[in-house]
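Visitor: I would like a close look at a single part of this protein, namely the place where two of its domains meet. Please take me through it in one connected account.

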Amino acid sequence: MEKINIGLIGLGNIGTGVVKLLQQNKELITQKLGAELILKKIADIDISTPRCVKTDKYQMTTDAREIINDKDISIVIELIGGYEPARTLLLEAINQGKHVVTANKALLARHGNEIFQAAHKKNVDIGFEASVGGTIPIIKTLKESLAANRIDSLWGILNGTANFILTKMTEEGEMFDAVLKEAQKLGFAEADPTFDIEGMDTAHKMAIILSLAYGKKVNLDDIYVEGITKITREDIAFAKELGYRIKLLAIAMLKNDAVEARIHPTMISSAHLLSNVTQNNNAFNIVGDASGPVFLFGQGAGMMPTASAVFSDIVDVARNIMKGISGRVPLRSIDESVMGDIKLIPMEEVETKYYFRFSAVDRPGVLSKISGILGENYISIATVIQKARFENSAVPIVMTTYEAREKNVRQALKVIDKLDIVMDNTMLIRIEDELD
Ligand code: HSE
């Protein structure tokens, strides 16, 4: 039986999962592949701390180049994360003619052009299913299953940590910091958890998805990103009262030849499919012009679900090696040589509905003052809630609006937040009633 040697760089949470899965399902994987995968070497800066898997039968090293320069290894699995040294190591592996499997979304979102072009030049494959949505096959769906479709919209939940936090805050009334610590302990969160809670991890994934959906290069910094750190239990309670749930959503819509792409906390109907996507789960809906909606759901983070996605790429690349081919599926869904730049619509031009929570003094005329400014900016109010009444102290006034333009909303809030009857910056959460 043919043997295919692989090398693993990074024995952290996901790397350990990859070793565990290979040990657990070795026979099954061998049968499906018709070849034996040999994990020849593992590199990590720490090879002494015991992991939850036995590693004594593997060659362990602290030098990743022992894998990159090993002539017998044909697939390099990079699971160290971050920009450097991952970028340098990946480029070196590609230059050595190795196929690469990676879960490194930050790297691909920021340096994807350089890495994919290098791989294209060397005619090697890059598998990156685990970089987006944990175990969910979003990459394969976009690159292969929906290859003949114009993608009209994409939306969903792409960060397990943020979803876990919002779920616990909503269902158990827990505090933000405590839940974040729990997510870190469970191994969902990034090494720097601000990437999860400030929306950057979702943006990394969205940049990768957009490039596959539209066959275009995407500048990560052009995607609008807002995280969940300002969401309070009060907002969650008001959302419930209005019939909504708050989720950190990634949303993209094709508008003529441009794409609206944004990531922000979003109120969606509590009856919406996504409202039932809880814990560390992710879900993503892709609407193709021929396919219609394709809804994908699964665990977006965690050791074994992500290891499963890493293995889908290892098996794919190994199958190509066995047939003596590479580059059968273009790295980013269309040939690298014809990739243009995506045209993203500026956030200020976006139109949606809004939730505002004003912290205002409870005095006669306050509501009319605020609604007057909204009216001057073409913002039409749909509902108003004001409950408590404490003379001369701040009370929350909640308003939801009909569709308004972001530029007008920003202008109105700039004026409102300067009023002496307004005690704190207004909380704004966008509402999406028409994601279907
Ligand atoms: N930190 C990420 C998340 C891991 O919470 O979704 C999976 O990419």
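Guide: Across the interface of domain 1 and domain 2 the rule finds five salt bridges, and this, like everything that follows, is read from a predicted model. Glutamate 144 forms a salt bridge with arginine 328, and the closest N and O atoms of this pair are 3.9 Å apart, a value to be read against a cut-off of 4 Å. In the domain assignment, domain 2 runs over 138–299, while domain 1 is made of two segments, 3–134 and 303–339; glutamate 144 therefore falls within the bounds of domain 2 and arginine 328 within the second segment of domain 1. Side chains of opposite charge can pair when their charged atoms come close.

Beyond the salt bridges, ten residue pairs are in polar contact across the interface of domain 1 and domain 2, both partners being at pLDDT 80 or more. On the side of domain 1 that touches domain 2, the elements giving two or more residues are helix 5 (105–122) and helix 12 (303–323), and the largest share, seven residues, comes from helix 5. By residue class, that side of domain 1 divides into 13 nonpolar, seven polar and six charged residues.

As for the extent of the interface, 26 residues of domain 1 are in contact with 24 residues of domain 2, and the two domains bury about 2200 Å² between them, with 57% of that area on carbon and sulfur atoms. In domain 1, the residues that lose the most area to domain 2 are Lys105, Val132 and Met339, which together make up 25% of what that side buries. The C-alpha centres of domain 1 and domain 2 lie 26 Å apart.

Just past helix 5 comes a backbone detail: asparagine 123 is found in the loop between helix 5 and strand 6 (126–127), and its phi is near 60°, a positive value in a residue other than glycine. A further backbone detail of domain 1 concerns the peptide bond joining glutamate 84 and proline 85, which is cis, with omega about 5°; proline 85 lies in the loop between strand 4 (73–78) and helix 4 (86–95).

To set the interface in its context, the structure holds 35 salt bridges. One of them joins glutamate 36 and lysine 3, with the closest N and O atoms 3.1 Å apart; because glutamate 36 lies in strand 2 (residues 35–43) and lysine 3 in strand 1 (residues 2–9), the pair ties together parts that are 33 residues apart in sequence. The protein as a whole comes to 14 helices and 19 strands, and the assignment also gives a domain 3, at 348–432. Along its principal axes the C-alpha trace spans about 80 × 45 × 35 Å, and the radius of gyration of 24 Å agrees with the value near 22 Å that a compact globule of 436 residues would have.

How values were computed: Residues are numbered from 1 along each chain as its sequence is written. This is a predicted model: local features need pLDDT of at least 70, side-chain atom pairs count only at pLDDT 80 or more; totals for chains, interfaces and linings use all residues. Side-chain values use heavy atoms; hydrogens and water are left out. Contact means heavy atoms within 4.5 Å. Buried area is the accessible area (1.4 Å probe) that two parts lose on being put together, summed over both. A salt bridge is a side-chain nitrogen of Lys or Arg within 4 Å of a carboxyl oxygen of Asp or Glu. A polar contact is a pair of N or O atoms within 3.5 Å; within protein, one must be able to donate a hydrogen and the other to accept it, and residues adjacent in sequence count only if both atoms are side-chain atoms. Helices (H or I, at least four residues) and strands (E, at least two) are DSSP runs, numbered from the N terminus. Ala, Val, Leu, Ile, Met, Phe, Trp, Tyr, Cys and Pro count as nonpolar, Asp, Glu, Lys and Arg as charged, and the others, Gly among them, as polar. The radius of gyration is taken over C-alpha atoms; the globule rule is 2.2 Å times the number of residues to the power 0.38.
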